[in-house]
Amino acid sequence: MERARASFDALASLSDPLRVPASERTYGRQFAQMYDYRLAVLRRRAREAAMAQRPDTCVNATYIERLLDIPPRQMCMVVGTFYSAMQLKPDVLQDIARDLSLPAPPPRTSYVDTEHDELFLEDQSGRVRVVGDLLRPGTQLAQTCVTGVVACVIGIETPDGDLEVHHVFFPGLPPTAAVSYLAAKQLPRPRTITTSSFLQVVCTWESRIHAVISLGTC
């Protein structure tokens, strides 16, 4: 038995106009303003979380507004956004090369390279590499500090210019609007409606099923 062939039309005349040619693509639009606003909003909450969890440590650390102003050999507190520099992750240049008919890189099962990946903390002024035993690859804290996470970091600058991390604090979830007890008592209480049902199935000798449904409402 031979399987019949089915005809297929990809409708190239309809799909081609929907694709943007490589020569007309632009990559100039960035989202720096959105990230700056997000960091400004979460900066205060991250500092408050640090003061609530370790007030004694925060008192001994000097708060620095800009990452590039970190003083040497001094315990300081900074707030920024984590950025994980992963050498194996896809980038825009590889996508452009693929569009220009260059050979694509082989597929990968993982983009994590513990020997070459680096973790940075950045703000509007620049970036600083963060190091330390707390952020060793494989630890729970290192897996939490991924790209885009805002945190308050307490540490000291190393002779190489890196920031050795001693404590990391996260801003947490946004606060919820509290409802007072008196306001809750003044809210109108909904009417309670109770519905009961009874299903009785009777089978006769003719194999017919009769359902009698009784509904009562109070």
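1. Arg129 is partly exposed, its relative accessible area being 30%. In this predicted model, the residue forms a salt bridge with Glu118, and the closest N and O atoms of the two lie 2.8 Å apart. The pair links distant parts of the chain, since Glu118 belongs to strand β3 (residues 118-122) and Arg129 to strand β4 (residues 127-131), with the two positions 11 residues apart in numbering. Glu118 is likewise partly exposed, with a relative accessible area of 30%.

2. A further contact involving the residues of these two stretches is the salt bridge of Glu122 with Arg127, for which the closest N and O atoms are 2.6 Å apart. Salt bridges that share partners also join Glu118, Arg129 and Asp162 into one network. Glu122 counts as partly exposed at 22% relative accessibility, and Arg127 falls into the partly exposed class at 46%.

3. Arg127 deserves a second look, as this residue also lies over the face of Tyr83, at 4.0 Å from the ring centre. Tyr83 in turn has Phe120 of β3 as its bridge partner, within a pairing of β2 and β3 that is antiparallel and extends over five bridges.

4. On the salt bridges as a whole, the count comes to six. One of them joins Arg66 to Asp69, with the closest N and O atoms 3.0 Å apart. Arg66 is partly exposed at a relative accessible area of 40%, and Asp69 is partly exposed at 43%.

5. For the overall layout, the protein chain holds six helices and eight strands, and its elements, read from the N terminus on, follow the order α-α-α-β-β-α-β-β-α-β-β-α-β-β. Of the 218 residues of the chain, 22% count as buried.

6. Against that figure for the chain, strand β2 should be considered separately. With 10 of its 10 residues buried, β2 is largely enclosed by the rest of the structure. Strand β1 pairs with β2 in the parallel sense over two bridges, and in this pairing Tyr63 stands opposite Met77 of β2. The ring of Tyr63 also carries a charged neighbour, for the charged end of Arg47 sits over that ring, 3.7 Å from its centre.

7. Strand β5 (residues 150-157) is mostly covered, six of its eight residues being buried. Strand β2 (residues 76-85) and β5 run antiparallel and are joined by six bridges. Within this pairing, Cys76 stands opposite Gly155 of β5, while Met77 stands opposite Ile154. Met77 can therefore be followed in two directions, because β2, where 10 of the 10 residues are buried, places this residue opposite Tyr63 and opposite Ile154 in β5.

8. The other partner to note for β5 is strand β6 (residues 163-169), which runs antiparallel to β5 and is joined to it by six bridges. Ile154 has His167 as its bridge partner in β6. The two strands form a hairpin with five residues between them, and Gly161 in the turn has a positive phi of about 90°.

9. A backbone point for inspection is Arg73, which has a positive phi of about 55° although it is not a glycine. Most residues other than glycine have a negative phi, and most peptide bonds are trans. Arg73 is placed in the loop between β1 (62-63) and β2, and at 72% relative accessibility this residue counts as exposed.

10. On the surface, Tyr27, Val92, Leu93 and Ile96 make a nonpolar patch of about 380 Å². Of these residues, Ile96 is found in helix α4 (residues 92-99), and Ile96 counts as partly exposed at 30% relative accessibility.

11. How many aromatic pairs does the structure hold? The count is zero, and the contacts of aromatic rings described in this note are instead those with charged side chains, namely Arg47 over Tyr63 and Arg127 over Tyr83.

Terms used: Residues are numbered from 1 along each chain as its sequence is written. This is a predicted model: local features need pLDDT of at least 70, side-chain atom pairs count only at pLDDT 80 or more; totals for chains, interfaces and linings use all residues. Side-chain values use heavy atoms; hydrogens and water are left out. Patches are made of residues with over 30% relative accessible area and no salt bridge: like charges are joined within 9 Å, nonpolar side chains (Val, Leu, Ile, Met, Phe, Trp, Tyr) within 5 Å. Accessible areas come from the Shrake-Rupley method with a 1.4 Å probe; for residues, only the protein chains shown count as cover. A salt bridge is a side-chain nitrogen of Lys or Arg within 4 Å of a carboxyl oxygen of Asp or Glu. Helices (H or I, at least four residues) and strands (E, at least two) are DSSP runs, numbered from the N terminus. Buried means under 20% relative accessible area, exposed over 50%, partly exposed in between (1.4 Å probe, protein chains only). Two strands pair if DSSP finds at least two bridges between them. Rings of Phe, Tyr and Trp (its six-membered ring) pair if their centres lie within 6.5 Å; planes under 30 degrees apart count as stacked, over 60 as edge-to-face and the rest as tilted. A charge sits over a ring if NZ of Lys or CZ of Arg is within 6 Å of the ring centre and within 35 degrees of the ring normal.
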